[in-house]
Amino acid sequence: MSPVDVASLRPEIPERRRLLQRFAAVRGQTAALVRDLAPEDMVPQSMPDASPAKWHIAHVTWFFETFLLIPHAPGYRPIDPIYGFLFNSYYEAVGARHPRPQRGLLTRPTVAEVFAYRAHVDAAMTRFLETADDALLADLVPLIELGFAHEEQHQELILMDLLHLFAQNAMAPAYRPFRPAPARTAAPATWHRFDGGIDEIGADTGRGFVFDCEGPRHDILLRPFKLASRCVTNGEWKAFIADGGYTRPEFWLSDGWATVQREGWQAPLYWTQNDGAWQAMTLAGLQPVDDHAPVCHVSFFEADAFARWAGKRLPTEGEWERAARGLTPSGNTLGTGFLRPVAAEVGPGLQQMFGDVWEWTQSPFSPYPGFRPAQGAVGEYNGKFMSSQMVLRGGCCTTPDGHVRASYRNFFYPAMRWMFAGVRLAEDAA
Ligand SMILES: [Fe+2]
C-alpha cells in the first residue's frame, strides 16, 4: 500500500467514522476468537459441513476483497489471485472454487500466510473506507454492512466447527476454561398466550441492516397460541430418553425415524454416558450435563419428536416472531463468555428468547411474499438456499452480541445438529 494521503482522510463524516470503527471491531473480534488456538487447531476439517478456522479467517477476508476492493478500490492488488479460487464458498457468479469437503487439505497457504492476507486486506479496506468518494461509499454501505454481518456469522461458525473438531479427539480439548454460570434451578415452564388474527412479520427496510431473507414485511394469519416461558432443558430431555424417545417410532416424522435408525442416535450430539452419568463435549471440554440448562445440539427431527412426546408442537416462525417482538434482542450470547447455554433466570415473561440456543421452528426456510434476491453474486447469499431447510430463531451462546433480532432467520437442514440448536415448545390456545 502507498502511504495514506492525510489530506484525503475524511473521518469527520460520522458515517465514515462509524464504518471504520465497526470494521476494526468486527475484524478484531474474529482475531480475538482464534488468538489462543494453535496452528494445528486451525487446519483440519472434521466433516464436509464444517470448515477449518483457517479457511473461515481467509474466506471472510476474501468477501471484502472480492465484493468491495477488487471492483471499487482503484489500484488494489490481490496478494495472490489463487486465493479467489481457494476461499470462494459458494458464489457461482464469482467462478470455480476449491471443493468444500476438501478444505482441510489446504495446508498451504499456511496459517501465517492467511494472517498476512488478512492484514493486507485490512489495510486496503481501512484506506478505502477513509478515502472513498462520499457518493460511492453511500452506495456501498449495504454491501459493507453485509460484509460485517457475514463475518459475524462466520465467528459463530468458527466456534461450532471447532467444537465438532475437538469432539473427535479423545483428549476432549477445551477451547476456553469452563466459566461458571450463576447456579440456577429451571422453574417449571409456564405458558404465555397470544391472540390470533392478522399480524405482520418481517423486517422493515431502511431501519438498519437486515439480511434480504428477513423481508419483505407482510401479513400472516395467526391462530391463538401459547409459547413456553423457557427452552426445553437437559433434565426434560433425559426424561424423553428414559421413556424410550429414541426407540418409539410413533413420535417421529418418517424422515426423522429413518435418520435415527441410520445414525444410531440415542441422545443429543456430543452426549456420552460415563458410569451412568451423562456428560457432554463443550467448548470447555467434557462437562457434566446440567439438567437445568437448555438442551443443545439436537436436530429438527429430534426437536419435533420431543414436542410430540410432550403433547405439544414446535412454534411457527411467525408465532416466534410475534412473541419476540418488542423484547430486547440480548441474552446469553458470545459476550457472556459462557460459550454454552445456561439455565434460565426465574422471572415473569419469556426467558431465553435471544441467546442460549437457536430455537427450531416448524417453518420451512422459504421466500416471504414479494422476496427478490439482489442482482449479482450477493443475491446468492440466502435466496438459493430456500429449499429443504428449516428456520431457527433467536441466536445462541456463540452468536456475536447484537447480531440477532426478532426478524432474524437462521436455517439448517433438519438432520443437522452441530450448531447450538434447541427447542421451545408451543401449543394451540383456545
Ligand atoms: Fe460465508
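Begin by colouring the chain by domain: the assignment, which comes from an automatic or database source, gives domain 1 (6-167) and domain 2 (191-428). The model is predicted, local features need pLDDT of at least 70, side-chain atom pairs count only at pLDDT 80 or more, and totals for chains, interfaces and linings use all residues. Residues are numbered from 1 along each chain as its sequence is written.

**Stop 1: the two domains**

Display both domains together. Their centres, taken over C-alpha atoms, are separated by 28 Å. Across the boundary, 21 residues of domain 1 are in contact with 17 residues of domain 2; contact requires C-beta atoms, placed from the backbone, to lie within 7 Å. On the domain 1 side, α5 gives the most, with 11 residues. By class, that side of domain 1 has 13 nonpolar, 3 polar and 5 charged residues. Here Ala, Val, Leu, Ile, Met, Phe, Trp, Tyr, Cys and Pro count as nonpolar, Asp, Glu, Lys and Arg as charged, and the others, Gly among them, as polar.

**Stop 2: α1 against α5**

Select residues 14-34, which form helix α1, and residues 134-166, which form helix α5. Helices are DSSP runs (H or I, at least four residues) numbered from the N terminus. The axes of α1 and α5 come within 10 Å and cross at roughly 15°, which makes α1 roughly parallel to α5. Axes are lines fitted to C-alpha atoms over the stretch in contact, and angles run from 0 to 180 degrees between N-to-C directions. Angles under 35 degrees count as roughly parallel, and those over 145 as roughly antiparallel. α1 passes α5 in a left-handed crossing; in such a crossing the near helix is turned anticlockwise from the far one by less than a right angle, and in a right-handed one clockwise.

Show side chains for the contact. From α1, the participants include Leu 19, Val 26 and Leu 33, and from α5 they include Ile 144, Phe 148 and Ile 158. The residues of this contact of α1 with α5 divide into 9 nonpolar, 3 polar and 4 charged.

**Stop 3: α1 against α4**

Keep α1 and add helix α4, residues 111-131. The axes of α1 and α4 come within 9 Å and cross at roughly 165°; the two helices are therefore roughly antiparallel to each other. The crossing of α1 past α4 is right-handed. Arg 16, Leu 19, Leu 20, Phe 23 and Arg 27 of α1 make the contact with Asp 122, Met 125, Thr 126, Leu 129 and Glu 130 of α4. By class, the contact of α1 with α4 has 5 nonpolar, 1 polar and 4 charged residues.

**Stop 4: α2 against α4**

Now hide α1 and select helix α2, residues 53-72, together with α4. Their axes come within 10 Å and cross at roughly 30°, which makes α2 roughly parallel to α4. The crossing of α2 and α4 is left-handed. Among the α2 residues that meet α4 are Ile 57, Thr 61 and Phe 64, and the α4 residues include Val 114, Arg 118 and Phe 128. This contact of α2 with α4 divides into 12 nonpolar, 1 polar and 3 charged residues.

**Stop 5: Arg 118**

Finally, centre the view on Arg 118, found in helix α4. Arg 118 is partly exposed, with 19 other C-beta atoms within 10 Å (20 or more would count as buried, and 12 or fewer as exposed). Leaving aside neighbours within four places in sequence, Arg 118 is in contact with Ile 57 and Thr 61. Draw a C-alpha to C-alpha distance from Arg 118 to Val 60: the two are 58 residues apart in sequence and 9.0 Å apart in space.

Methods
Parallel < 35°, antiparallel > 145°, perpendicular 65-115°, else oblique. Contact = placed C-beta atoms within 7 Å.
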